[in-house]
Structures are given as C-alpha cells and as structure tokens.
Amino acid sequence: MGSSTIEGQPGTAAEPAGDQPREVERSGRTRRLVSLAVLLVGAILFLFPFYYMVVGALQQTPDPTLAGAFPNPANLTLDNFTAINGRINLLRTLLNSGIFTGGVLLATMVIGLLAGYALAQLEFRGKGLIFNVLLLGLIVPFMLLMIPLYVMIVRWYGLADTYLGMILPFAVSPTAVFIFRQFFRQIPKDLFDSARIDGASEFNVLTRIAVPLAKPAILTAVLVTFIGPWNEFLWPFLVTKDVAKMPLAVALANFITTIASSVANPFGAIFAGATVLALPVVVLFVIFQKRFTSSDLGSGIKG
Amino acid sequence: MAALAPDAGVKPRRRLLGKHPIGLLFAGPYLIYWLLLFAYPLGFAVYMSFRDYFFAAPGAQVDRPFVGLENYIRLIGDDDVHRAALNVVIFIVINVPLTVALGLILATALNTAIPGRTFFRVSFYLPYVSASVAVVAVWLYLFNGSGLVSNLLGSLAPDPPFLINSAWAMPIIALFATWKQLGFYVLVYLAALQNIPGELYEAASVDGAGTIRKFWSVTVPGVRPATTLVVILATIVGANFFTEPYLLTGGGGPNGASISPVLLMYRQGIEQGNPGYAAAIGVTLAIIVMGLSLLNRFLLDEE
C-alpha cells in the first residue's frame with residue numbers, strides 16, 4: 001500500500017475492454033473480469049488500513065514488518081484495550097461522544113424537520129428569504145466562523161468544557177434541512193390539504209401526517225448527521241480542556257500526541273482506541289448502507 | 001403563485017403573512033439559530049479582522065482599536081501564509097488528478113453487472129465515513145520511520161522518513177485525504193455515469209466510435225459536473241486540514257512544511273492570541289473559496 005500502488009492502477013484499468021463489435025459476448029466477459037480485478041484492488045486499498053488497525057489492536061508486541069499484518073495466534077491479546085482504557089477512560093469518553101452526537105441529532109431533527117416541512121409545504125411570508133439563508137449556510141465554509149464562534153462560545157458565554165458549547169455550532173445542519181425539504185416536496189399537497197379540510201389543525205397535520213410520513217427521511221438525516229459530530233475533532237478540541245468532558249476523538253488525539261509513550265505498547269493501545277472510535281460508524285454504515293446512496297429518498301412514500 | 005389570485009378578498013392577516021402563517025413559527029427556530037450562530041459570527045469575523053482584537057477577562061471593558069487593513073497587509077507578507085497557500089496548491093495538484101482518474105475508473109467498474117457490488121460500494125465508502133483521528137492513527141504507523149511502508153520499501157524509503165521529511169510530509173497528507181474521500185467521489189461519478197442516456201453511446205457506436213472514442217466523447221463530458229465538484233471541494237478540503245497536519249505530521253511539521261490555513265488560524269487566533277489576524281486569514285480564504293464556486297457556476301451556466 002502506498003503511492004506506487006495507487007499510481008500503478010490506471011494502467012490496468014484504462015485498458016479498453018474489447019473493441020470488436022462481433023465479439024460482444026467475449027468482450028462483455030473480459031470487461032466484467034477487468035472490472036472485477038479493478039474493484040478488488042480498490043477494495044484492498046480501502047480496507048487494508050482498517051484490517052491493520054484491528055490486527056494491531058490485538059497484538060501483544062508490535063511487529064511493523066509485513067509479518068505483523070498477519071495475526072499470530074500466540075501474539076494475540078486484549079491487553080491493549082485495557083491499557084488505553086487506563087489512560088483515557090473509554091466508557092466516559094464514549095459517553096461524551098454520545099451526548100455530543102445525541103444533542104446535535106435531537107436539535108437537527110426537531111428544528112430541521114420543522115423548517116424543511118414549512119419550506120416545502122407551507123406558504124408564508126419570508127419563505128423565499130429563509131430558503132436563500134439556507135443556501136448561504138451551505139456554501140460559507142466553517143473555517144470563517146471558527147474564530148468568532150470560539151470567542152463567543154468559549155470567551156463570552158463561558159461554555160468551555162460543556163456539552164452545550166460542543167453542540168451549538170453543529171446544532172442544525174443546513175444539509176439536514178435540505179434533506180427534509182426535498183423529501184416533503186415530493187409529497188402531494190393534496191394529502192395535507194385533505195386533512196385540513198377534515199378539520200385538522202396545522203399542528204396535527206404536522207404530527208399526525210408529516211412526521212410519520214417522513215420516517216425514511218428522518219433515518220437518512222440521522223445517519224448523515226451522526227457522522228459529523230461523532231467524527232469531529234477540531235471544534236470539541238477547541239472547546240474541551242477537561243479530560244472528563246472530552247469526546248473519544250479528542251481524548252484519543254490527546255493520547256497520541258502526549259501520553260502514548262507512557263504505555264508498554266503505544267502502537268497497540270492507539271489502534272485499540274482507534275478501533276473503538278471507528279466501530280460504531282462502521283457498524284451503522286454497514287447495516288444501513290442502502291440509505292447512504294439511495295438518491296430516491298421518496299421511494300417509500302408511494303404506498 | 002397561482003394560489004394567490006383567488007385570495008384577493010381574504011383577511012388582511014392572510015395577506016400579510018401568507019396562506020399558512022404557522023409556517024413562520026415552524027421555520028422560525030431555524031432562522032433564529034441561523035442569525036445567532038451563523039450570521040452574527042460571520043459579521044463578527046469581518047469586524048474582528050479590521051481590529052487589533054485580543055482576549056481579555058470576561059466582562060472587562062477593553063479597547064480593541066480599529067487598524068484598517070493592517071491584518072490583511074500583514075497576511076500578504078507572512079511566510080507561513082505563503083507556505084499554507086502553497087500546501088493547498090500541492091494538495092490540489094496531487095488530489096484532483098488522482099481523484100478524477102481513480103474515481104472514474106472505479107465508478108466505471110462498479111457500473112458493470114458483477115457480483116458483490118454492495119460489498120465494493122461499502123468498502124469504498126468506509127474511509128469516508130470513519131473518524132479522521134482513527135484512520136490518521138493507522139497512517140501514522142504505516143508511514144513513520146519504522147512503519148510498515150518504510151519496512152517494505154527498505155533502502156528505497158526516504159531519509160528522513162516520510163512524515164518528518166519536508167518534501168514528503170504534505171504529499172502524504174494529500175494521499176491520505178485522497179484515499180479517505182475517494183469513495184465519496186466514486187459514488188458521485190457512479191451517479192453521473194448512470195445519468196448519461198444509453199442512446200448517446202448507441203449513437204456513437206452507429207457513428208463508428210470505438211471504446212476509447214466513446215469514453216472521451218460521451219463519458220467525459222457526461223461526468224463534467226462531477227469533475228467540477230472534485231475541483232471545488234479540493235480547494236475547500238485543502239484549506240481545512242487540521243486533524244491531518246496536527247496528528248500525522250506533528251503539528252504541520254517538519255518546520256511548517258505541512259501547515260494548512262486552518263492550522264495557521266488555530267495557531268494565530270487561539271494559541272498566540274491574535275484572533276483579529278486569524279479572522280483576516282479566514283475572511284480571505286472564504287472569499288477565495290466562494291469566488292471559485294461562483295466562477296465555476298458561471299462557467300457551467302455558460303455552456
């Protein structure tokens with residue numbers, strides 16, 4: 001794995017798969033074989049670091065040679081997990097990551113769903129303005145806001161080392177509002193209007209019809225939003241100095257830069273921490289992989 | 001719009017607020033959030049960038065003098081800013097060609113009828129959804145002096161090793177980010193490929209075009225919007241590196257060779273207490289990034 005392998009790939013794949021129209025059958029098979037070979041090489045390059053992470057996390061003594069990439073049953077142990085847990089309290093930091101992520105999810109789902117529904121299905125003054133505001137939120141890069149947010153949240157409001165301080169800048173992602181708006185736009189207005197004619201209040205239309213219908217969009221928005229705060233490093237790193245409040249990503253980075261050398265096998269301990277950090281997202285993604293790619297969010301609404 | 005016409009004689013409240021005034025209540029929380037945590041810090045960033053802003057004890061009344069363009073003038077002559085800008089260029093030069101070539105190759109391969117497509121898609125996407133801190137940890141041990149890659153290369157490995165070698169540090173970060181995000185672009189290219197109408201290929205075949213000709217005349221123009229996305233996002237990603245130089249190359253080392261604009265903002269604004277100067281860097285970057293996206297939208301509309 002490395003630059004040479006990556007650069008070596010185009011040669012094999014740019015190979016045209018069969019030029020003669022008369023041999024359609026054969027060229028189709030060649031094309032499939034070449035595709036399969038390319039995809040396998042790709043999968044190895046993408047997955048190897050994850051494999052190496054798990055193997056390294058289970059090794060008693062680190063072995064940075066090629067042999068170290070293959071697990072040796074005599075050298076396997078769970079000690080690395082105990083070692084890193086002794087330094088950064090995995091349960092505590094996982095809980096912090098969970099509260100940070102959960103807070104962001106809750107705010108995004110409530111505020112984002114309300115805004116997305118209103119923007120897609122309701123007619124009111126200022127709607128156009130709010131939509132443009134949303135678009136602006138999508139294009140202005142976060143780096144511009146980093147310093148003023150730090151001054152406001154940490155210096156003015158004293159929210160350093162608090163969950164609220166971590167959550168606030170991420171509380172509502174414009175992407176989630178957008179997902180909800182796109183979802184509700186695909187639902188015919190008549191559906192809501194007929195409920196109104198039957199005498200349902202706007203609030204009931206929202207809670208009895210819109211929210212239950214939006215379940216697939218909620219799942220997509222939850223999955224897309226979850227990744228952000230769970231993986232985020234920079235902002236919680238700026239906000240937390242107290243180890244007891246650090247999310248796992250920050251605590252692990254802290255361990256890597258300052259205290260890793262204090263354990264017997266820093267390589268194994270770091271990989272053990274990395275495995276714990278990466279695992280929840282990997283599991284979620286593998287279970288719900290279809291949701292990440294289905295461009296047709298509204299496939300479930302026909303019925 | 002059409003719904004407004006029959007409303008001529010309706011209640012004034014309806015005229016003023018629209019057909020569903022409750023929409024304002026639903027979209028309101030998002031608007032308030034946007035004003036407090038987006039619009040305000042945005043204006044604050046610009047304000048700060050024209051001042052000699054410094055941190056003071058909460059509640060203390062201090063004078064932060066207006067300094068005009070001083071921060072911006074200082075930025076033009078700052079060697080660290082030059083190096084950070086050069087690093088964005090290095091990143092783009094490495095990332096864009098690799099992403100376009102490999103993204104298109106893998107998407108083309110994925111677009112054929114082969115078994116295990118879900119497995120491939122998931123494995124390509126895995127680095128993209130995983131926490132940077134976790135996967136950076138693995139790359140740290142793959143590329144450090146005694147790491148697996150250096151071991152495999154033997155005497156061919158650079159000296160000093162990759163991550164502390166000023167010629168290699170930034171290219172390794174660029175390779176890391178390319179690897180991490182490639183799966184996302186594969187899916188973008190896959191969607192673009194699937195949007196190209198099959199008739200275009202048939203028409204090209206009728207005109208006697210071979211596989212290579214079809215690739216250049218149908219596929220490449222067909223995926224152009226995806227390629228543009230790669231270029232624009234590369235600029236944003238290149239400017240936003242933080243976790244990578246902070247952890248992988250020990251804080252943008254060696255000697256600042258892998259410093260990024262956001263790492264520089266962190267150092268100036270938070271570590272060294274010059275938030276006004278850091279804000280000026282942020283404003284400049286944001287203008288460049290947004291200028292590029294506007295230019296691109298303009299060019300796309302021209303076609």
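## Helix H5 of chain B

H5(B) is mostly covered, with 10 of its 13 residues buried. The buried positions are B:Phe120, B:Arg121, B:Val122, B:Ser123, B:Phe124, B:Tyr125, B:Leu126, B:Pro127, B:Tyr128 and B:Val129. These assignments come from a predicted model.

How far apart are the end C-alpha atoms of helix H5 of chain B, and what span is expected? The helix covers residues 117-129, and at 1.5 Å a residue its 13 residues should span 18 Å. The end C-alpha atoms are 18 Å apart, so the two values agree.

## Confidence

The model scores ipTM 0.88 and pTM 0.87. For chain B the mean pLDDT is 88, and 94% of the residues of chain B reach 70 or more.

Residues 1-7 of chain B are a weak stretch, where pLDDT stays under 50. For these residues the model has three contacts beyond four places in sequence. Where pLDDT is low, the predicted coordinates should not be read in detail.

## Contact between the chains

How many residues of chain A are in contact with chain B? The count is 91 residues of chain A, set against 90 residues of chain B. Helix H2 of chain A (residues 24-58) supplies the largest share of the chain A side, 15 residues. By class, the chain A side that touches chain B holds 68 nonpolar, 15 polar and eight charged residues.

## The largest nonpolar core

The largest nonpolar core has 173 residues, and the members that touch the most others are A:Phe180, A:Leu252, B:Val133 and B:Ala137. Helix H8 of chain B (residues 169-195) gives the most to this core, with 18 residues. At least three residues of the core come from each of domain 1 (3-77) and domain 2 (83-300) of chain A.

B:Val133 has contacts in both chains. Leaving aside residues up to four places away in sequence, B:Val133 touches A:Phe233, A:Ala249, A:Leu252, A:Ala253 and A:Leu277 in chain A. In chain B, the residues touched by B:Val133 are B:Thr243 and B:Leu247. One of the chain A partners, A:Leu252, is also among the core members that touch the most others.

## Domains of chain A

Chain A is divided into domain 1, residues 3-77, and domain 2, residues 83-300. Between these domains, seven residues of domain 1 are in contact with seven residues of domain 2. Which classes make up the domain 1 side? The side of domain 1 that touches domain 2 has four nonpolar and three polar residues, with no charged residues.

How values were computed: Residues are numbered from 1 along each chain as its sequence is written. Chains are lettered from A and ligands numbered from 1 in the order in which they are written. This is a predicted model: local features need pLDDT of at least 70, side-chain atom pairs count only at pLDDT 80 or more; totals for chains, interfaces and linings use all residues. A nonpolar core is a set of buried Ala, Val, Leu, Ile, Met, Phe, Trp, Tyr and Cys residues joined through C-beta atoms within 7 Å. A residue is buried if 20 or more other C-beta atoms lie within 10 Å of its own, exposed if 12 or fewer, and partly exposed in between; C-beta atoms are placed from the backbone. Helices (H or I, at least four residues) and strands (E, at least two) are DSSP runs, numbered from the N terminus. Domain bounds come from an automatic or database domain assignment. Two residues are in contact if their C-beta atoms, placed from the backbone, lie within 7 Å. Ala, Val, Leu, Ile, Met, Phe, Trp, Tyr, Cys and Pro count as nonpolar, Asp, Glu, Lys and Arg as charged, and the others, Gly among them, as polar. pLDDT is the predictor's confidence in each residue, from 0 to 100. The expected span of a helix is 1.5 Å times one less than its number of residues.
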